[in-house]
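Q: I have a model open and want to go through its empty spaces, its rings and a few backbone oddities. Can we start with the cavities?

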Amino acid sequence: MAFHQYECVGGWTGGQILKIPGHKSFRPISNICSIAKVFELCVLQKLEKLDNDLQFGSFQHGFRKQHSTVSAIAELLEVLGTEKDDKKNVLVYSADLTAAFDVLKKELLVENLKQKGIPNYLIRIIHSYLSDRFGYVQLGQSRSRVLEIKSGCVQGSVLGPILFNCLVSNLSEVVSPHRAVAYADDSYIVITGTSPSDLEENFKSTLNRHMNWLSRIGMVCNVSKTEIMVLGDQKIKITIEGSEIESKENLKVLGMTLDSKLSWNTHVEHTVGKCRSFLYGLRYLRKHLSIKEIAKILKAQIVSVITYGAPVWYHRINYAERLKLRSVYYHIIRVMVRDFQLRLNRSGLLRASGMEDLDIIMQKRTSCFVFKILHFMNPTNLISTFISKSYSNDRAPDKLVFFDTSRSKMGKACISNNLCKIVSGWNFQWLSNTPDQFKTLLSAQFQTAH
């Protein structure tokens, strides 16, 4: 028997989320004791020794080593660009799950783990750990009565996300022959067709299979929040469960904005807007903090926003879009060092602020992302694509050379079709290096060049 203390705004009863006027839904997060956390880490270490692709499916990028939201977006673009290169009609839709972690059924999870060949002793431990759980909600000094937790995978725990991934690992089989890419409960399904009518028919049948499968495993999909984007100029409108869904020109994918042309105009505009909104606060902070202190804030708040997802889009944007990013970046630095008379050039701004050139930051992050995939041989789908486009160079045995297979502008969106350009910038022997050695050599190269 396990007890949980839950921390949330408002009340919680039996796993349901209560609505509070003026607030969005709040989900309870388990406040687990230290012994339980250590126990979960031990179980996690046992699970990690097994085949991760078997447990989660190669399409899953959430809560896995050497995977991230950026690797998920990179794989999604690989699928979209490759299918469009084959002159197919392509559609991608996102499925929004409601309270995914809180409705997991342990009986279905156990059956899923058995099918995957997970050792019986681990299955018994996990089933026992999820059984006979009780919890209460405490807000200040007020405490609810103790309630039994009949479902859920303990949101806020170490094992919770992993167990959720195991339960939904059959998604790729459900939507087959079409492709799925997921990060935890955020899933994106790529549908293809030989014609617009074939595409629409494939979409309807796949979405119905997807919804029925989610219902069988106890998940609830918010159909009204399901979004569709068709590559190109085609539009689709469909009615599912009384909700009318119409395709959009842009699709939000894990914090990035993808458009139907697989260009990044909209994403760059949104990024520039976010950075500009920071200027007012920066002018106030600059009065009270030193340049070194401001630099730390900028690296956390501005650089992280501008460079998010850089490996999958920075090599694809045009000069005008790069100019917009550079302009807002250096404008923020100018405010930081109070150069309102425009006396300093870019080099002077960087010296005065201690910040790094934006292009160098972008190139470093893109290079490190690609190198880690090649070094760790993960994620599976990305490395298989990379290797299929590589060959060894007899004159440089410690390097790999890549070739471009794109036949259209959308095919150019695939990061694998830009590897030749990215890797050619590494002017040192890199194939046998560790990630730390690679970062050191890369930094030394940029210092020498600049």
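Q: Which residues lie nearest the centre of the largest cavity, and how many line it?
A: The largest cavity has 13 lining residues, and Leu97, Val168, Leu171, Ala184 and Ser187 lie nearest its centre. A cavity here is a set of points on a 1 Å grid over the protein atoms alone where a 1.4 Å probe fits but cannot get out, and a lining residue has an atom within 4 Å of a point. This is a predicted model, in which local features need pLDDT of at least 70 and side-chain atom pairs count only at pLDDT 80 or more, while totals for chains, interfaces and linings use all residues. Residues are numbered from 1 along each chain as its sequence is written, and side-chain values use heavy atoms, with hydrogens and water left out.

Q: Which elements give two or more residues to that lining?
A: Strand E10 (186-193) and helix H8 (196-216) do. H8 gives the largest share, three residues. Helices (H or I, at least four residues) and strands (E, at least two) are DSSP runs, numbered from the N terminus.

Q: How much space lies in it, and how do the lining residues divide?
A: About 70 Å³ lies in the largest cavity, with volume taken as the space filled by probe spheres set on the grid points, which are joined across faces, edges and corners. Its lining has eight nonpolar, three polar and two charged residues. Ala, Val, Leu, Ile, Met, Phe, Trp, Tyr, Cys and Pro count as nonpolar, Asp, Glu, Lys and Arg as charged, and the others, Gly among them, as polar.

Q: How many cavities of 30 Å³ or more does the search find?
A: Two, in a search of the whole structure. The second largest holds about 40 Å³ and is lined by Leu104, Lys106, Leu130, Ile149, Lys150, Ser151 and Gly152. Those divide into three nonpolar, two polar and two charged.

Q: Now pockets. What volume does the second largest pocket have?
A: About 240 Å³. A pocket is an open set of points with protein on both sides within 12 Å along at least five of seven lines. This one has 13 lining residues, with Gln363, Thr366, Ser367, Lys421 and Ile422 nearest its centre. Helix H15 (358-376), helix H17 (419-423) and helix H18 (435-449) each give two or more residues to the lining. By type there are five nonpolar, six polar and two charged residues.

Q: Switching to rings. How many aromatic pairs are there?
A: Eleven. Rings of Phe, Tyr and Trp (its six-membered ring) pair if their centres lie within 6.5 Å; planes under 30 degrees apart count as stacked, over 60 as edge-to-face and the rest as tilted.

Q: What about Trp426 and Trp430?
A: They form an edge-to-face pair, 5.0 Å centre to centre with 90° between the planes. Trp426 is buried at 1% relative accessible area, and Trp430 is buried at 0%. Buried means under 20%, exposed over 50% and partly exposed in between, with a 1.4 Å probe and protein chains only. Ring pairs also link Phe371, Trp426, Phe428, Trp430 and Phe438 into a cluster.

Q: Which charges sit over rings?
A: Among them, the charged end of Arg133 sits over the ring of Tyr129, 4.4 Å from its centre. Arg322 has its charged end over the ring of Tyr314, 4.3 Å from the centre. The rule asks for NZ of Lys or CZ of Arg within 6 Å of the ring centre and within 35 degrees of the ring normal.

Q: How many disulfides?
A: Zero, a disulfide being a pair of cysteine sulfur atoms within 2.5 Å.

Q: Last topic, the backbone. Where are the cis peptide bonds?
A: One runs from Ser176 to Pro177, with omega near 10°, and Pro177 lies in the loop between helix H7 (171-175) and E9. Another runs from Asn378 to Pro379, with omega near -5°; Pro379 is in the loop between H15 and helix H16 (380-388).

Q: And which residues other than glycine have a positive phi?
A: Among them is Leu262, with phi near 55°. Leu262 lies in the loop between strand E15 (256-259) and helix H9 (265-276). Arg338 has phi near 60° and lies in the loop between helix H13 (319-336) and helix H14 (346-353).

Q: Are those two residues buried or exposed, or in between?
A: Leu262 is buried at 1% relative accessible area, whereas Arg338 is partly exposed at 45%.
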